[in-house]
Number of protein chains: 2
Amino acid sequence: MARIVMKFGGTSVADLDRIRNVAARVKHQVDQGDQVAVVVSAMAGATNQLVAWCQALSPLHDAREYDAVVATGEQVTVGLLAIALQTLGVDARSWLGWQVPLRTDGAHGTARIQSIEGDALIASLEAGQVPVVAGFQGIGPDGRVTTLGRGGSDTSAVALAAAVHADQCDIYTDVDGVYTTDPRIVPRARKLAKISYEEMLELASVGAKVLQTRSVELAMKQRVRVAVLSSFEAPEDRSGTLLVDEEEIVEKEVVAGIAYARDEAKVTVKHVPDRPGVAAAVFGPLADAHVNVDMIVQNVSDDGTTDMTFTVTGSDLPRAIASLEQSRAAIGYARLITDTDVAKISVVGTGMRSHAGVANTMFRTLADKGINIEVISTSEIKVSVLIKQDYTELAVRALHTAYGLDAA
Amino acid sequence: MARIVMKFGGTSVADLDRIRNVAARVKHQVDQGDQVAVVVSAMAGATNQLVAWCQALSPLHDAREYDAVVATGEQVTVGLLAIALQTLGVDARSWLGWQVPLRTDGAHGTARIQSIEGDALIASLEAGQVPVVAGFQGIGPDGRVTTLGRGGSDTSAVALAAAVHADQCDIYTDVDGVYTTDPRIVPRARKLAKISYEEMLELASVGAKVLQTRSVELAMKQRVRVAVLSSFEAPEDRSGTLLVDEEEIVEKEVVAGIAYARDEAKVTVKHVPDRPGVAAAVFGPLADAHVNVDMIVQNVSDDGTTDMTFTVTGSDLPRAIASLEQSRAAIGYARLITDTDVAKISVVGTGMRSHAGVANTMFRTLADKGINIEVISTSEIKVSVLIKQDYTELAVRALHTAYGLDAA
């Protein structure tokens with residue numbers, strides 16, 4: 001007997017038939033003799049509708065009211081799924097964020113989980129009941145409903161798994177696992193049976209879109225075993241991808257996967273005075289404007305000024321430009337150049353730590369295909385380059401082959 | 001300066017434009033210098049969709065889960081209306097049932113209000129804020145969301161008005177007041193400027209559909225002044241109908257209005273043994289099956305048996321039949337006759353108490369039109385008759401004229 005948290009995303013509960021399917025899958029798990037808790041997202045499309053209403057009334061709406069409105073999406077699915085489970089003879093009940101309670105900080109709209117009181121849920125599990133918990137939502141210090149931001153349901157599930165001391169957290173999505181790269185681009189991409197938290201974190205943050213970054217961070221911190229599974233395969237088919245400690249992966253590949261992100265923008269600040277503190281003058285205001293800056297390169301030119309180049313996500317670009325234009329006098333730059341016709345390609349793998357030449361293989365492979373590298377950044381287990389967007393597929397395919405990732 | 005609770009129904013908040021209109025109307029009231037709290041229903045159609053989902057998953061769904069699902073309708077509108085008010089510069093915040101808290105009993109789906117803690121709302125009102133409260137919902141003794149049943153938002157508003165010691169509770173609907181009868185049947189129907197709680201109660205319960213019976217009962221018990229107003233007239237137009245104590249109505253009419261209900265069914269239990277306890281044998285099981293029995297007539301025939309005739313609503317008829325068939329042996333009747341081709345016509349007025357001949361005028365008027373009366377029942381301020389449904393409009397018009405209610 002194991003204690004398992006099962007999490008289902010919006011496409012898995014998009015309509016009543018799919019909710020019935022999810023109920024059958026949960027029952028299948030219960031019938032194995034497991035203790036099961038379920039976390040669900042809103043029906044696909046529901047959240048978008050609710051967000052659109054708030055936006056239409058006021059682009060700068062009160063985040064506390066936004067949360068009250070948007071949290072209803074998950075409230076509907078937990079009730080419906082509990083009913084569907086009961087019709088199959090499974091003892092189930094819904095739990096809203098404030099009922100658990102799942103306590104968050106007061107950052108409405110993008111709240112972070114602070115604590116989960118697991119006692120009531122554990123008692124429910126031990127009594128043989130299936131708690132069906134609303135993902136994405138909690139209760140803030142002000143006693144009002146909070147939401148965790150987009151993708152927060154994965155984070156809810158992992159946090160809940162930690163709070164009830166679950167043996168595993170199964171994340172059911174519309175893909176059947178984590179691949180060495182996007183199978184739509186590389187048909188010979190392989191599904192990874194296991195991946196380390198660190199690798200998944202890098203893959204998630206560069207666009208693999210399978211799991212939300214925050215949920216992987218939390219799983220790593222709390223040592224929660226997470227499985228990514230397809231909600232459209234038969235319940236017996238558990239051939240997804242398991243997130244585990246690096247030590248659990250015996251046969252490490254040098255490179256675990258190739259990721260890409262097209263929603264990138266390159267910003268170059270031209271002719272910045274080359275003096276101490278200028279980087280802070282550029283990036284301080286961007287941080288204040290909640291712009292996430294990714295790759296950063298600084299070139300020294302010979303006239304006592306320098307060019308700074310960095311990347312942001314496309315959706316952050318307008319805020320980045322506004323912030324930089326406001327602080328133009330303080331920084332003292334000549335002009336701004338922006339380019340959204342770029343893509344970021346990353347190779348990720350914990351094996352890099354012990355294998356030299358991984359970056360060099362990347363540069364040589366891209367050069368062989370005539371692809372120009374605009375920006376380079378590296379971390380302990382990742383090498384990323386920025387290239388022209390047109391070359392995205394070509395680059396991903398070439399690298400996938402170069403690192404020996406193609407399926408036989 | 002007055003303290004006012006404004007309540008808006010589902011058609012008044014059916015889309016974003018109407019929500020903006022409601023916000024403008026609330027602002028108009030706030031600009032008068034009043035302290036204003038608002039109670040809203042779900043967007044028209046939203047509740048039906050949510051109910052349909054629960055029904056589709058299981059006709060016999062868990063009422064606690066149903067409540068969690070259905071209560072989201074009001075949660076969406078309070079958040080949206082608070083945002084709309086804020087964009088007009090009105091300080092507003094949403095309150096869910098469990099946040100107030102509005103405590104109910106544990107009868108999920110048809111819960112009754114037990115207490116409302118008004119302190120937080122009063123503090124909010126006195127600080128110049130507009131509380132926007134979700135109607136129709138509360139929190140039960142089990143800490144879970146409850147709903148008050150259809151039309152419960154009116155009841156929420158009246159209860160809230162009592163809890164915050166409001167001077168008045170304004171119920172905004174898609175009609176502009178209470179009429180002497182349905183204006184679609186009698187174009188010369190008149191709007192009543194004032195009506196007593198008792199009269200409104202009788203009119204509400206026989207089908208005038210302006211206010212839900214429970215809300216009128218509560219207003220009468222708590223002595224809350226209630227105004228019925230149109231949400232589609234200009235905010236300055238306050239020419240609705242005021243519910244007041246009978247003593248406040250100086251010029252009492254003998255008859256205040258004529259009501260009708262077509263959703264009636266007549267049930268006759270033939271040849272019941274005429275012995276003590278037989279009425280209990282018939283109506284006990286019906287009460288256990290939650291069938292509301294209305295008009296009751298018993299005829300004694302000469303063979304030691306009797307016929308019992310009574311009415312129920314059309315929606316209760318299947319349950320009534322099932323209940324009677326189950327207890328056939330215990331009652332010992334010969335057969336059941338049911339008839340849904342009937343309508344109940346009622347004349348209502350507190351003036352009846354002091355005026356003889358009101359019932360006789362009714363019988364004579366209907367006889368003059370050749371309308372046969374099948375069942376008669378009377379109360380202190382009401383006379384009701386059951387007739388063939390085809391004659392509904394003819395009867396209502398003739399009675400409206402006979403009691404001198406036609407507009408000049």
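These are some informal points on the two-chain model above, going from the pairing of the chains down to single residues.

1. Ground rules. This is a predicted model, so local features need pLDDT of at least 70 and side-chain atom pairs count only at pLDDT 80 or more, while totals for chains, interfaces and linings use all residues. Residues are numbered from 1 along each chain as its sequence is written, with chains lettered from A and ligands numbered from 1 in the order in which they are written.

2. How the copies relate. Turn chain B by 180°, shift it 0.0 Å along the axis, and it lies on chain A with an RMSD of 0.1 Å. That is the relation of a two-fold axis. The superposition is a least-squares fit on the C-alpha atoms of residues with pLDDT of at least 70 in both copies. If you want a residue to look for at the rotation axis, try B:Thr72: its C-alpha comes closest of the residues of chain B, at 2.7 Å.

3. The interface. On chain B, 27 residues are in contact with 26 residues of chain A; contact here means that the C-beta atoms of two residues, placed from the backbone, lie within 7 Å. Helices H2 (46-57), H3 (63-70) and H4 (72-87) of chain B each supply at least two residues of the side that touches chain A. H4(B) gives the largest share, with 11 residues. By type, that side of chain B has 15 nonpolar, 10 polar and 2 charged residues. For that count, Ala, Val, Leu, Ile, Met, Phe, Trp, Tyr, Cys and Pro are nonpolar, Asp, Glu, Lys and Arg are charged, and the others, Gly among them, are polar. The copies meet through the same surface, since 96% of the interface residues of chain B are also interface residues in chain A.

4. Domains of chain A. The assignment gives domain 1 (3-174) and domain 2 (258-402), with bounds that come from an automatic or database domain assignment. Taken over C-alpha atoms, the centres of these two domains are 37 Å apart.

5. The 8-stranded sheet in chain A. This open sheet runs in the order S3-S6-S2-S1-S9-S11-S12-S10, with mixed pairing. Helices (H or I, at least four residues) and strands (E, at least two) are DSSP runs numbered from the N terminus, and two strands pair if DSSP finds at least two bridges between them. The edges are S3 (92-95) and S10 (194-196) of chain A, each pairing on one side only. At one of those edges, S10(A) pairs with S12(A) (residues 241-244) in the parallel sense over 3 bridges, and A:Lys194 has A:Leu242 as its bridge partner.

6. Strand S18 of chain B. Of the 7 residues in S18(B) (382-388), 6 are buried. Buried means 20 or more other C-beta atoms within 10 Å of a residue's own, exposed means 12 or fewer, and partly exposed is in between, with C-beta atoms placed from the backbone. S18(B) runs antiparallel to S16(B) (residues 335-348), joined by 7 bridges, with B:Val347 partnered by B:Val383. S17(B) (residues 375-379) also pairs with S18(B) in the antiparallel sense, over 5 bridges, and here B:Ile376 is matched with B:Val385. S17(B) and S18(B) form a hairpin with 2 residues between them.

7. Cis prolines to check. In chain A, the peptide bond from A:Val100 to A:Pro101 is cis, with omega near -15°, and A:Pro101 is found in the loop between S3 and S4 (102-104). In chain B, a cis peptide bond joins B:Val100 and B:Pro101, with omega about -15°.

8. Positive phi outside glycine. A:Phe136 has phi near 75° and lies in the loop between S6 (130-134) and S7 (137-139) of chain A. A:Phe136 counts as buried because it has 29 C-beta neighbours inside 10 Å. A:Arg223 has a positive phi of about 55° and is in the loop between H8 (213-222) and S11 (226-230) of chain A. With 10 C-beta neighbours inside 10 Å, A:Arg223 counts as exposed.

9. One residue to click on. A:Val269 is in strand S13 (residues 257-273) of chain A and is buried, with 21 other C-beta atoms within 10 Å. Leaving out residues up to four places away in sequence, A:Val269 touches A:Val282, A:Asp307, A:Met308, A:Leu324, A:Tyr333 and A:Leu336.
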